[in-house]
Amino acid sequence: MPDRRPRIVLAESFDASAMEKLRAVGNVVTLDACDESNLKAAVAECDALLVRTRSRVSREVLECAPKLRVIGRGGTGLDNIDVEAARERGVAVVYTPGASTDAVADLTVGMMIALLRNFVGCDHMVREGKFREARDSAYAREMSALTLGIIGMGRIGRAVARRCRNGFHMSVVYNDIVSPGLLDFAATPLSKAQLFGQADIISLHVPLNESTRNLIDAEALKQFKKDSLLINTSRGGTIDSLALASALKSGALAAAALDVFDPEPLPASHPLMDAPNTLFTPHIGSRSIHGLARMNDVVDDVIRVLQGLPPLQPAWTD
Ligand code: NAD
């Protein structure tokens with residue numbers, strides 16, 4: 001008798017309990033690699049595809065998946081999925097939008113303090129026996145004296161702003177293309193140009209799309225205060241990385257902390273790699289134990305779609 005259980009392809013890893021739930025409803029196939037050619041071959045007969053950040057579910061991949069009913073993205077950004085193409089083909093897309101809000105907000109605030117106090121530079125100097133030089137050169141600015149500029153006052157932007165306003169007594173200004181509604185902390189909306197000119201720390205929390213690609217380019221950087229700090233825990237493509245490297249090298253910007261890059265990983269020869277006053281982390285924003293656990297919940301929504309139920313966290317609502 002033919003096996004009519006749905007075929008579920010896991011392009012990236014999900015935890016054991018998520019796998020168990022999926023095995024209860026379908027035949028689960030796990031991939032060793034999620035490059036485009038592997039994905040294309042794997043989706044040919046599949047009903048559900050689960051991905052995290054590394055898989056690119058392009059229109060071309062979708063064209064190889066005639067039976068696909070649902071894509072589950074464990075995570076927040078949907079820039080690695082051609083959502084429009086999925087929608088055209090009647091393929092549901094579900095994800096876990098709030099799963100990593102606290103994890104990314106914690107990292108963002110940590111990056112601010114690390115830049116202001118130069119943790120990494122001090123660590124290196126202490127290990128090199130330059131204890132006194134490190135101590136004598138350490139004149140930090142305090143968070144409470146600074147203005148934070150948030151671009152994208154969505155879930156993560158609000159979580160960062162709340163921490164910085166309520167916890168560190170910073171002034172908060174922000175820019176968004178839609179009103180965030182009533183905020184439970186003090187914050188002033190500004191145009192992007194006003195924000196660039198007023199903020200001491202600019203933190204990006206926008207999705208990557210056509211309106212945000214290279215949002216921070218050479219023109220924008222010229223409008224920043226000279227001693228400002230730039231933090232990016234959103235997506236690498238929101239910053240023109242060559243312009244950022246030049247601004248750091250010329251001293252037009254004091255420092256930058258980046259969790260995300262374009263491309264990822266950044267090649268060793270990229271000009272940002274030897275730019276001064278930088279702090280890099282390898283796209284770890286969402287990688288807390290709690291955040292990763294919440295991303296596994298996407299399997300519940302995938303199963304709902306396979307069972308003909310409406311998803312709880314769809315990428316769009318009609
Ligand atoms: P969200 O949708 O809640 O918030 C995004 C906000 O950006 C929205 O309020 C939106 O209106 C605003 N926005 C969109 N275009 C804009 C523009 N051109 N100018 C100003 N504002 C604009 O999303 P979120 O949950 O806060 O996540 C934000 C992004 O963070 C995600 O899209 C993802 O790319 C990134 N992210 C990164 C990590 C990581 O590991 N570093 C983890 C999770 C999310």
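Q: Why is Arg 54 called exposed in this predicted model?
A: Its relative accessible area is 60%. Exposed means over 50%, so Arg 54 earns the word.

Q: What makes the pair Glu 12 and Arg 54 a salt bridge?
A: The two side chains meet at 3.9 Å, N to O. The cut-off is within 4 Å, for a side-chain nitrogen of Lys or Arg and a carboxyl oxygen of Asp or Glu, so this pair qualifies. The pair links distant parts of the chain, 42 residues apart: Glu 12 sits in the loop between β1 (7–10) and α1 (16–25), and Arg 54 in the loop between β3 (48–51) and α3 (59–63).

Q: Is Glu 12 buried or exposed, and how do you know?
A: Glu 12 has 8% relative accessibility. Buried means under 20%, so Glu 12 counts as buried.

Q: What makes Arg 69 and Asp 47 a salt bridge?
A: Their side chains meet at 3.8 Å, N to O. That is within 4 Å, so the term applies. This pair also links distant parts of the chain, 22 residues apart, with Arg 69 in the loop between α3 and β4 (70–73) and Asp 47 in the loop between α2 (36–42) and β3.

Q: Why does Arg 69 count as partly exposed?
A: Arg 69 has 33% relative accessibility. Partly exposed lies between the 20% and 50% limits, so the label fits. Its partner Asp 47, at 13%, is under 20% and therefore buried.

Q: How do you know that Asp 102 and Arg 163 form a salt bridge?
A: Their closest N and O atoms are 3.3 Å apart, and the limit is 4 Å, so the pair meets the definition. Asp 102 lies in helix α5 (residues 101–117) and Arg 163 in helix α8 (residues 155–167), so the bridge ties together parts that are 61 residues apart in sequence. Asp 102 and Arg 163 also belong to a network of salt bridges with Asp 106.

Q: Why are Asp 102 and Arg 163 called partly exposed?
A: Asp 102 has a relative accessible area of 39% and Arg 163 has 24%. Both values fall between 20% and 50%, so both residues are partly exposed.

Q: What makes Thr 281 buried?
A: Its relative accessible area is 15%, which is under 20%, so Thr 281 is buried. Thr 281 is found in the loop between β12 (278–280) and α12 (289–295). Leaving aside neighbours within four places in sequence, Thr 281 is in contact with Leu 107, Met 111, Leu 258, Asp 259 and Phe 261.

Definitions and conventions:
Residues are numbered from 1 along each chain as its sequence is written. This is a predicted model: local features need pLDDT of at least 70, side-chain atom pairs count only at pLDDT 80 or more; totals for chains, interfaces and linings use all residues. Side-chain values use heavy atoms; hydrogens and water are left out. Helices (H or I, at least four residues) and strands (E, at least two) are DSSP runs, numbered from the N terminus. Buried means under 20% relative accessible area, exposed over 50%, partly exposed in between (1.4 Å probe, protein chains only). Contact means heavy atoms within 4.5 Å.
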